[in-house]
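Visitor: I'm new to this one and would like a close look at a single part. Please start with the links between cysteines, and then show me what lies around them.

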Amino acid sequence: CKILRCNSEYVAATLHLRGPDRGAAFCTALRSYSLCTRRTARTCRGDLAFHSAVHGIEDLMIQNNCSKEGPTAPPRPRPPAPDARGFESLDVCDYERSFLYKHGRPPSFQHCAAFGDPHIRTFHDDFHTCRVEGSWPLLDNDYLFVQATSSPVAKGSNATVTSKLTIIFKNMKECIDQKVYQAELDNVPAAFQDGSVNGGARPGGTSLAIRERSPGRHVEIRAGYIGTTIAVRQAGRQLSFSIRAAEEVAGAFTEEQDLQLCVGGCPRSQRMSRSPRGRGRVPAETAQALCREMLPVEDVYFQSCVFDVVTSGDANFTMAARGALEDARLFLPDAEKLHIFQ
């Protein structure tokens, strides 16, 4: 059954079509899609994806006032496979391309971040401020393990900051060897612990790579084989972590892997209010003025910034919140969810 090929050809034909003027080209793509499904009808008769595609085409043609008669696009010639294993073997270490081929649509993504005191933005857009002193897992799934180690932001304070990050990219078939990345305060390296900058000597080793954005302050790790990008930053005396992960990857864990701050947020017993009581190290008005320069929208990033500056007395925490917001702007699949108001 070649229905996946029909799906991917339709997606490729409509990917660039946008706006009110797409009508004729969209109808042409739908008729081509319909013709492709008819050609595979005999071998795909018992395939659920085939029947789903047929009904979907009928609905889309009605919604877009497309006539069943009319021009169709000629089928794109398929490049010869360099080996007998075919398309999927070539793209097993390119998650997004492989997903598009298998499902006929791009994958969905989720975003999580930990910065400042630390503040956690979960994959489900919940937002917590945590005290979590010691080591806590941000992620623990079939592909990734990420642990954040926190220590007090100041002597006598309940507030904590991330002082160490450990990221383990787990061994994956022909794509990568297991790789460990570790960052500590004043040591944000642009290499894995073994000194390498990619996934190793396997055929897909280049699908994992580190890029230095700002020397000693900001690195980006792209794991193309699992559709995931991670940013690690240092601002002031704290580290921050941001991730854009394919939904399928973020959800690949068992019940035993139930403690993940990126999935469930911090436990209730570890949550703090962002309205600190008692005397801070900086007046709230001063902190608000500093944060407003970096964060003009008074959302949770702004509230977190004010909390951190009041608690620590360190104006560099404005950069931590700003960096987290910049990562969210790049990593969030839905731009309308950028700002959270509580």
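Guide: Let's settle one word before we look. A residue is called buried when its relative accessible area is under 20%, exposed when that area is over 50%, and partly exposed in between. Keep in mind, too, that what you see is a predicted model.

Now find Cys36. Its relative accessible area is 13%, so with the cut-off at 20% Cys36 counts as buried. Its partner is Cys6: the two form a disulfide, with 2.1 Å between their sulfur atoms. A link of this kind is a covalent bond between the sulfur atoms of two cysteines. Looking along the S-S bond of Cys6 and Cys36, you'd find a torsion of about -80 degrees, so this disulfide is left-handed. What does the bond hold together? Cys6 sits in helix H1 (residues 3-14) and Cys36 in helix H2 (residues 23-39), so parts that are 30 residues apart in sequence are tied to each other. Cys6 is buried as well, at a relative accessible area of 2%.

How many disulfides are there in total? The count comes to six, and I'll show you two others among them.

Move on to Cys112, which is joined to Cys262 by a disulfide with a sulfur-to-sulfur distance of 1.9 Å. The link of Cys112 and Cys262 is left-handed, with -80 degrees about the S-S bond. Here distant parts of the chain are linked: Cys112 belongs to strand E1 (residues 109-115), Cys262 belongs to helix H8 (residues 261-264), and their positions lie 150 residues apart in sequence. Is this pair buried or exposed? Cys112 is buried, with a relative accessible area of 0%, and Cys262 is buried with a relative accessibility of 0%.

The other one I'd point you to joins Cys291 to Cys305, with 2.0 Å from S to S. This link is left-handed, at -90 degrees about its S-S bond. Cys291 is in helix H9 (residues 284-294) and Cys305 in helix H10 (residues 300-312), so the bond ties parts that are 14 residues apart in sequence. Both of these cysteines are buried.

It helps to step back and see how the chain is divided. The domain assignment gives domain 1 (2-64) and domain 2 (109-270). Taken over C-alpha atoms, the centres of domain 1 and domain 2 are 39 Å apart.

Next, the strands. Strand E4 (residues 134-140) pairs with strand E5 (residues 144-152) in the antiparallel sense, over six bridges. Three residues separate E4 and E5, and together the two form a hairpin. If you want a spot to put your finger on, take Pro137: its bridge partner in E5 is Gln147. E5 also pairs with strand E6 (residues 160-169), again antiparallel, over nine bridges. In that pairing Ser150 stands opposite Thr162 in E6. A handy thing to remember as you turn the picture is that side chains in a regular strand alternate between the two faces of the sheet.

Charged side chains make links too. The salt bridges number 13, and a few are worth a visit. Arg202 and Asp177 meet in one, at 2.6 Å from N to O. Arg202 is in the loop between strand E7 (179-184) and strand E8 (208-214), while Asp177 is in the loop between E6 and E7, so to speak 25 residues away along the chain. Both come out as partly exposed: Arg202 at 26% relative accessibility and Asp177 at 26%.

Asp194 makes another salt bridge, this time with Lys179, where the closest N and O atoms are 2.7 Å apart. Asp194 is in the loop between E7 and E8, Lys179 is in strand E7, and the two are 15 residues apart. Here the partners differ in setting: Asp194 counts as exposed at 52% relative accessibility, whereas Lys179 counts as buried at 5%.

Then there's Arg237, whose side chain meets that of Asp186 in a salt bridge of 2.8 Å, N to O. Arg237 lies in the loop between strand E10 (228-235) and strand E11 (238-246), and Asp186 in the loop between E7 and E8, so this pair ties together parts 51 residues apart in sequence. Arg237 is partly exposed, at 43%.

For a last stop, look for Arg233, Arg322, Glu326 and Asp327, which are linked in a network of salt bridges.

Definitions and conventions
Residues are numbered from 1 along each chain as its sequence is written. This is a predicted model: local features need pLDDT of at least 70, side-chain atom pairs count only at pLDDT 80 or more; totals for chains, interfaces and linings use all residues. Side-chain values use heavy atoms; hydrogens and water are left out. A disulfide is a pair of cysteine sulfur atoms within 2.5 Å. Helices (H or I, at least four residues) and strands (E, at least two) are DSSP runs, numbered from the N terminus. Buried means under 20% relative accessible area, exposed over 50%, partly exposed in between (1.4 Å probe, protein chains only). Two strands pair if DSSP finds at least two bridges between them. Domain bounds come from an automatic or database domain assignment. A salt bridge is a side-chain nitrogen of Lys or Arg within 4 Å of a carboxyl oxygen of Asp or Glu.
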